[in-house]
Amino acid sequence: MASENRAAFVPSAGAELEVRTSDIHQPESGELLVRVHAVAIQPLDAKKLLSGYGGAGTATYPAVFGTSGAGVVEQVGSDVVGFQAGDHVVFDTKAYVDNDVNVRQGTWQQLTICSSKTAAKIGDVDFEQAVLVDFPLQTAVAALHHFLGMGKPGTASPSEKVLVWGAGGAVGSYAVQYAKSVGHTVVVTASARDTARQQSLGASEVIDYKSPDAVERLRALGPFKYLITGSGDAASQQALASLLQPSGGRFASVLGGDVELPANVERVYTGFSQAAQSEEHAAWRDWWYGEYLPKVLSEKLVEPVKFTKVEGGLAALQGASRDVFEGKVRGKLVVNPQE
Ligand SMILES: NC(=O)c1ccc[n+]([C@@H]2O[C@H](COP(=O)([O-])OP(=O)(O)OC[C@H]3O[C@@H](n4cnc5c(N)ncnc54)[C@H](OP(=O)(O)O)[C@@H]3O)[C@@H](O)[C@H]2O)c1
C-alpha cells in the first residue's frame with residue numbers, strides 16, 4: 001500500500017510549481033490508482049503553466065497539471081474489468097477538462113487517478129516510449145480519423161492524397177505516419193533539415209514551409225482529400241484554406257485563433273487530445289484505448305518522436321516546461337515523478 005504521495009502544485013495562475021505532499025486518492029468505481037513513472041511535457045502543459053493558456057479548459061487552483069502519463073497500477077476501484085495491481089499502463093485523465101478533479105487526476109504527481117476506460121496496458125513497452133506516443137498520436141488520429149472521417153489503417157488508396165502542414169512536431173509526425181498507414185499518399189511541409197526524416201516516416205513530397213512558393217508547389221501536388229495543420233499557426237491555416245479553393249472544404253487545425261478564412265472553408269479545431277474524456281466520443285475512445293493504441297505499442301507501428309529524459313523528478317517540471325514554452329526543445333522532455 002502506498003504511504004506517501006508528492007505532487008507539483010500550481011498555487012495560482014502563473015505561479016511557480018511547489019512540490020509537496022498530497023493526499024493518496026482512493027480509486028472509485030471504474031477507476032485506477034496509478035504510480036506515475038513517466039510524463040512527457042506537452043506544449044499545452046507549458047502554455048497553461050507559463051501563460052495561463054486555457055485552450056483545453058481553465059483550471060481551479062491550487063492545481064495539479066498534466067493530463068497523460070505512464071506507470072504501474074497500484075490499486076483498482078470496484079467494477080474495474082481487465083486491469084489489476086501491477087499492470088503497466090499508459091493513460092490520460094480529466095485533469096484539463098473538469099475543473100474540480102485536477103488535484104486527483106493531474107499526472108504531475110507520484111500517484112494519480114484515471115478512469116480504466118482511458119487506460120491501456122503496455123506490457124513490457126518502456127514507460128517513456130508509451131508516454132511519447134499516447135497524447136500526440138491520439139491528437140493526430142482523433143483529428144484525422146474521428147473528426148475528419150479518414151479511414152482506419154489499410155482502407156485507402158494512394159490515389160487519395162493527404163496534406164500535413166507543419167509535420168516537424170510530434171502531432172505532425174504522427175499524422176504523417178497514420179495517414180500513410182491508412183494507405184494515402186502523404187505530402188508534407190516541414191523545415192528543410194527534416195526532409196530525410198519525413199521521407200522515412202512516409203512522406204512522398206516534403207516542401208519547406210518557409211519557402212515563398214510553398215502554396216503554389218503544393219497546389220500542383222494536390223488536390224488533397226484530407227488536410228491538417230500540425231503547427232496550427234495563422235499562416236498555415238490560411239495556406240490550407242487557399243489550397244481548398246475554388247470549391248472550398250475543410251481542414252483540421254491543432255490550434256484555433258482569430259484567423260480570417262474564406263466562407264467556403266470550415267476549420268475543424270477542438271481539444272482532439274481530450275476527445276477520449278467525453279462520453280460523446282465513447283466509440284472513438286473504446287477503439288483508441290481498447291484496440292488501436294495497444295496494437296501500435298506492442299507491434300511498434302509508429303516511430304516515436306525523439307525524447308530527452310530530464311533528471312530531478314517533479315522539481316524539474318518548472319524548468320523543463322520553460323524550455324518547451326520558449327521553443328528550445330526538439331522532440332519531447334520526459335520526467336519521472338518518482339525521482
Ligand atoms: N488541439 C489539440 O488537441 C492539440 C493537441 C496537441 C497539440 N496541440 C498543439 O499543437 C501544436 C504542436 O504540438 P506538438 O506536440 O506537435 O509540438 P512539438 O512536438 O513541440 O512540435 C514543434 C515543432 O513544430 C514545428 N513548427 C513550429 N512552428 C511551426 C510553424 N510556424 N510552421 C510549421 N512548423 C512549425 C517545429 O519543427 P521544425 O523546426 O522542424 O519545423 C517545431 O520543432 C502546439 O501548439 C500544441 O499546443 C493541440
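Let me begin at P246, which sits in the loop between α7 (234-243) and β13 (249-253). The peptide bond that leads into it, from Q245 to P246, is cis, with omega near 10°. Please keep in mind that this is a predicted model. A second cis bond runs from Y61 to P62, and there omega is near -5°. P62 likewise belongs to a loop, the one between α1 and β4 (63-64).

Staying with the backbone, I turn to positive phi values. D79 is not a glycine, yet its phi is positive, at about 65°. The residue lies in the loop between β5 (68-76) and β6 (88-92). D79 has 10 other C-beta atoms within 10 Å, and therefore counts as exposed. K300, also a residue other than glycine, has phi near 50°. Its place is the loop between α8 (282-298) and β15 (307-310). With 11 C-beta neighbours inside 10 Å, K300 is exposed.

Now to the chain as a whole. The protein chain contains 9 helices and 16 strands. Its radius of gyration is 20 Å, close to the 20 Å that the globule rule gives for 339 residues, so the chain is as compact as a globular protein of that length. Along the principal axes, the C-alpha atoms fill a box of roughly 60 × 40 × 35 Å. Buried residues make up 49% of the 339. If we take contacts between residues at least 6 apart in sequence, 69% of them join residues at least 24 apart.

The domain assignment gives domain 1 (5-121 + 306-335) and domain 2 (137-272). Between the C-alpha centres of domain 1 and domain 2 the distance is 29 Å.

Within domain 2 (137-272), I would draw attention to helix α4, residues 170-182. At 1.5 Å a residue, its 13 residues should span 18 Å, and the end C-alpha atoms are indeed 18 Å apart, so the two figures agree. How much of this helix is buried? The count is 12 of the 13 residues, so α4 is largely enclosed by the rest of the structure. The buried residues include G172, Y174, Q177, K180 and V182. Just after the helix, G183 adopts a positive phi of about 120°.

A strand residue gives a view of the packing here. V164 belongs to strand β9 (residues 161-165). It has 35 other C-beta atoms within 10 Å; the cut-off for a buried residue is 20 or more, so V164 is buried. Leaving aside residues up to four places away in sequence, V164 touches G172, A175, V176, A179, V186, V188, I228 and G230. For one of these, I228, the separation is 64 residues in sequence, while the C-alpha atoms are 5.1 Å apart.

Finally, the ligand. Which of the 26 residues around the ligand come nearest? They are G166, G168, G169, S231 and V254. The elements that contribute two or more residues to this shell are α1 (43-51), α3 (127-147) and α4. The largest share, 3 residues, is that of α4. By character, the shell divides into 10 nonpolar, 13 polar and 3 charged residues. Both domains take part: domain 1 (5-121 + 306-335) and domain 2 (137-272) each supply at least three residues to the shell.

To close, I return to helix α4: it is largely enclosed by the rest of the structure, since 12 of its 13 residues are buried, and it gives the largest share of the shell around the ligand.

Terms used: Residues numbered from 1 in each chain as written. Predicted model: local features only at pLDDT ≥ 70, side-chain atom pairs only at ≥ 80, totals over all residues. Helix = DSSP H or I, 4+ residues; strand = E, 2+ residues; numbered from the N terminus. Expected span 1.5 Å × (residues − 1). Rg over C-alpha atoms; globule rule 2.2 N^0.38 Å. Contact = placed C-beta atoms within 7 Å. Near = placed C-beta within 6 Å. Nonpolar A, V, L, I, M, F, W, Y, C, P; charged D, E, K, R; others polar. Domains from an automatic or database assignment.
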